[in-house]
Each structure stands twice: as C-alpha cells, then as structure tokens.
Amino acid sequence: MAEKKKKVLLALGNEKFNLILRKSLEEHFTVLKDEVYSFKYLEELIEESKPDIIILHDYYLASEQTEPYEREKEWLHTVENVRRVYDDKKRLVFICERKQGDPFLSEMINRNVLDIFHTRSLDVERIIEQLLDQPRYSKVAYLKVEGSNKRYGEGEGYTSTPIFEGDSNEVHTEKEVEPEEEEENKEKKELRFSLPNIPKPKITTPKIPLPKKSKKKEIDLKPEIKAQEYEDFEESDVAEDSKQKNLFNLFGGGKKSTKDYNIQTIRPRLIAVGSLHPGAGSTFFLHNFTRYLSDKGISSCVLEGLNDVDALFALAGSEEPPNFEWESLHNIVLEENHRQLYSLPKWNIEGTIFMPTLNVDLERFEQTYAKDLVYFARQSPLVFVDISHNWTDFISKEVLGMCDELWCITEPNPMYLEVQRKHHQFIFQVSDRVGEDNVIVLGNKWGNGVDISRFPELYVRIPYIQENPKALSNNMPVYRMKPKGLSGEFLKLYKRLSESIV
C-alpha cells in the first residue's frame, strides 16, 4: 500500500507564492485548498484542516502588529501555542529573508522550528527535498546564537523597541530628545509644509544590485529589508521557469496586456495617496499612474477609502466593468464573510487590482473592518490607498498609521492653502513615523504660469491635460490618449519606487 501523502497548509499570505509552491508540492503532498492570509485565522485553520505541515512566510502573512519587534513576539507566541496544543505533530516551515546570527531565528529554533529558509532566492526543489525527509536540527544548527532569549524576555536590558546590528546581542535605544530640540524640530516641519522654497528632499535609500539570471529553479521573494542590511546582500539568482511569468494574472480576469507582470523590480510598499483639498485629484492621479506602471510591467493594487461618491468605481468602471460576480470588498468585510473575500474574482485591469467603494453602509463600518480590508489588499506587493480629501474615515486612519509613504496631491490654487492646514497634523504624524523623505507633495493640473513661491516644494508637477474630457468620454484614462504629457513626471515617481533595486 502506498504511503498516504502528508497534508500541507499554505500560510504565505500571498497568492502568487501560494500558486508557485502549490504546483511544485502537489506531486509529493496533498496541498489543502484553504490558504491563510492573516495571523488572525492561522490557528483556526490549523484546527479545522488538520495539516501535517504548515508553510509560513515572515513578511507577507498579514498581522495587526506594525512594529518589527512586536511582530516577532507575535510569531513566537503563535508558534508556542501550536506547540502547546499539538506538541511536535505539526511541522512548521518558516520562509523569510534574514541574516545568519538573527536572534529571532534562534528563538524559532528553540521552539522546534527546524525548517527555516532565510535567503532571498528560494530553491523550491530544496524545500521539497527537505520536507520529504524528517525534520533535522542539523539543518538549522548554524543559525543558533547565544543569549537570544534575552531579547524577548523581561529583565535587565529589556526594551520594547530593541535594534540589533549584525550579530551583536547588544540592545540599543533611541536617543532622548530634549524639549528645546523637539520644539525646534516641530517648527522646521511646520515650515516645510506651509512656506515656499524648501529644498527638495534627497532620496537616501541604499541600493542593492539587480539580480542576474540562472538556470536554477528559484523564486525571488524580496520582502522589505532593513536599510542597514542592504550592503550585505550579494546578487541573487532568479528563475527562468516560464511557469513563473505573468504571476499577477493570478488575480483573475481583466484586460490582457503584453507585459510580464512581476515582483522583481520593486520592494513591497503601502502608499497613502490623499488630496489636500476637495477636487485635488488623488483618484484621477492613481487611475492614470497605474496605467503607466502597467506599461512598465509593474502590477499594483488600488484600495479606496470610505467615500460616498464612489469615484474610483466610476472611473475604472468606465474603462472596463468588473466581472458580474464582483462585489465591493468593503461590503464583504462588513458582513464578516472572510471566505468569500478570498474566493470572489478580483477586478483586474492590465495588472492593476481595483478595490473601490460601492454603496457601503458607512454607519456600520468600523475600525476592525478597515484592518481586514488593508491586510487583504497587501497581498499585492505595491498597494496604493486613495484616502481622497477627508482623511478621517476608518480606512484612512488605519492606512496613515501604517503606510510606508504619504503622497499629497494639490492643485495650483492659493485659495486652497488654508484648506490644506487641517491635514498638517496627519502629515506631521506620518512624517515622524516614516521620515520626511517619505512624505511628498505632487502638483496636479499644473501650468507654466503658476507662482510656485506660494506653494510647498513639489516632487512632481503633473500638467493640465486638455484632452482629459475627451478621454473620459471615450472611457479611457487620459494617459492612454496622451502618454507623453504625463510620462515625464510619472518617470520621477517610477524611479522613486524602483530606487532600491537600481
């Protein structure tokens, strides 16, 4: 009698990686249909589906924890719970991008996680070969470090936000800011968003080399990595397997494109895009900029904040209506139907996933629904959230608290400057968290005769395109009708998105 295949639960949090591993694993294992996209449902699905092997991803599995240290503690707590309930009957496989000497990996090993793949390039055949064998401590012994338990326990030297550099076990804390210095910094920030002639912020993100091709069957996971670790990485091999092309077509349906959408040219990012005043054009900008990214072979996701106008649905729907089975994901999370959330066809136009509002009951929508929606959207490595001009709804607040960048849209009308002041508090809070270089202002409908001295420093100046009304009447973004008019400014933003890998 043939040996019964072991059951595998995929908890990678990313549809593309799920499909790649599923196809490779199904020859040797029974890969369960259910997939996990959030910590919130991990233990529940383990109990329901009773897998023998659970494959986890450090970065893509969604979590309510935004700080790296708190997320690491969540991982350790979850693994402990699984071990407490099932002892060693569940084999946990951990995929990540971390350096040897990371105390977190050492603590995972202490909890009997003996299948850890921590390099950028992931050899699928190696995973299968290792899983067909029994778990062996010798496979991960080199990742053990002394004193790793001190990082995650209460006691001397304990801090809620430790920072580790290299293989050191020393805990560093941030320098305390004197009240006078804090007040001075606050004044500088206020000047940046209210006075003219402020120097354009310099882009300081370190660069890592482009990957080179190889015949090895590998996939490039590319989760976001700490800035201080960039310089330690070497060039990695990338798969040539044709099965890995057009990965973003997995989102289902949509207008076809000749581009090969991939995840190899930008690092994962969540970007809030907001209008500094009504009518500034955040929705117009995203509808056109994502078309430009499609031409570059970059797929993305556009999530709309709570909006009673349903502007994104109107714009995208005029270009290509969604599948007849499509429903607003905002309403699906409102009904707490999470299984339907992952089974419905996505609204895909040329590699861009649209998640607009449509007849959402705003009175019933709460913060917890906003969290679910944002975590679902982050299946895509590049997510834009259109927070429009309000910025106070639950989705906008959630995104402003966790975004990697904030892009502010403004028109060249000085009368709007006072209106913009109500957003300054949000801008300062985001700037404090992500750094001033990651908060930029984009000018929309800009002309040559505008007195720029009356406006904040602009990262780009998107010109007014006279063909816009004609493009709308022809059911297309104006970028499709007159790409040269926008490509120059869009190129600056594209370089910003791809700067970390150029």
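This report covers the nonpolar cores, one helix pair and several salt bridges of a predicted model.

The largest nonpolar core has 43 residues, and those touching the most other members are Met355, Phe365, Val385, Trp391, Ile395, Leu400 and Leu406. Helix α12 (residues 367-377) gives the most to this core, seven residues. Leaving aside residues up to four places away in sequence, Leu406 touches Ala272, Trp391, Leu400, Ile427, Val430, Asn438, Val439 and Ile440. A second, separate core holds 36 residues, including Ala280, Phe284, Phe289 and Ile440.

Helices α8 (residues 282-295) and α18 (residues 484-498) have axes that come within 10 Å and cross at roughly 75 degrees, which means that α8 is roughly perpendicular to α18. On the α8 side, Phe285, Asn288, Phe289, Tyr292 and Leu293 take part; they meet Leu486, Ser487, Phe490, Leu491, Leu493, Tyr494 and Leu497 of α18. This contact has 10 nonpolar, two polar and no charged residues.

There are 27 salt bridges in the structure. Three of them are listed here.

| Acidic residue | Basic residue | Closest N to O |
|---|---|---|
| Glu72 | Arg151 | 3.0 Å |
| Asp115 | Arg91 | 2.7 Å |
| Glu350 | Arg291 | 3.3 Å |

Arg151 lies in helix α6 and Glu72 in helix α3, so their bridge ties together parts 79 residues apart in sequence. Both Arg151 and Glu72 are buried. Asp115 in strand β5 and Arg91 in strand β4 are 24 residues apart, and both are buried. Glu350, in the loop between β12 and β13, is 59 residues from Arg291 in helix α8. Glu350 is buried at a relative accessible area of 10%, and Arg291 is buried at 0%. Shared partners join Asp58, Glu72, Arg98, Asp102 and Arg151 into one salt-bridge network.

Conventions:
Residues are numbered from 1 along each chain as its sequence is written. This is a predicted model: local features need pLDDT of at least 70, side-chain atom pairs count only at pLDDT 80 or more; totals for chains, interfaces and linings use all residues. Side-chain values use heavy atoms; hydrogens and water are left out. A nonpolar core is a set of buried Ala, Val, Leu, Ile, Met, Phe, Trp, Tyr and Cys residues joined through side-chain atoms within 4.5 Å. Buried means under 20% relative accessible area, exposed over 50%, partly exposed in between (1.4 Å probe, protein chains only). Helices (H or I, at least four residues) and strands (E, at least two) are DSSP runs, numbered from the N terminus. Contact means heavy atoms within 4.5 Å. Axes are lines fitted to C-alpha atoms, for helices over the stretch in contact, and angles run from 0 to 180 degrees between N-to-C directions. Angles under 35 degrees count as roughly parallel, over 145 as roughly antiparallel, 65 to 115 as roughly perpendicular and the rest as oblique. Ala, Val, Leu, Ile, Met, Phe, Trp, Tyr, Cys and Pro count as nonpolar, Asp, Glu, Lys and Arg as charged, and the others, Gly among them, as polar. A salt bridge is a side-chain nitrogen of Lys or Arg within 4 Å of a carboxyl oxygen of Asp or Glu.
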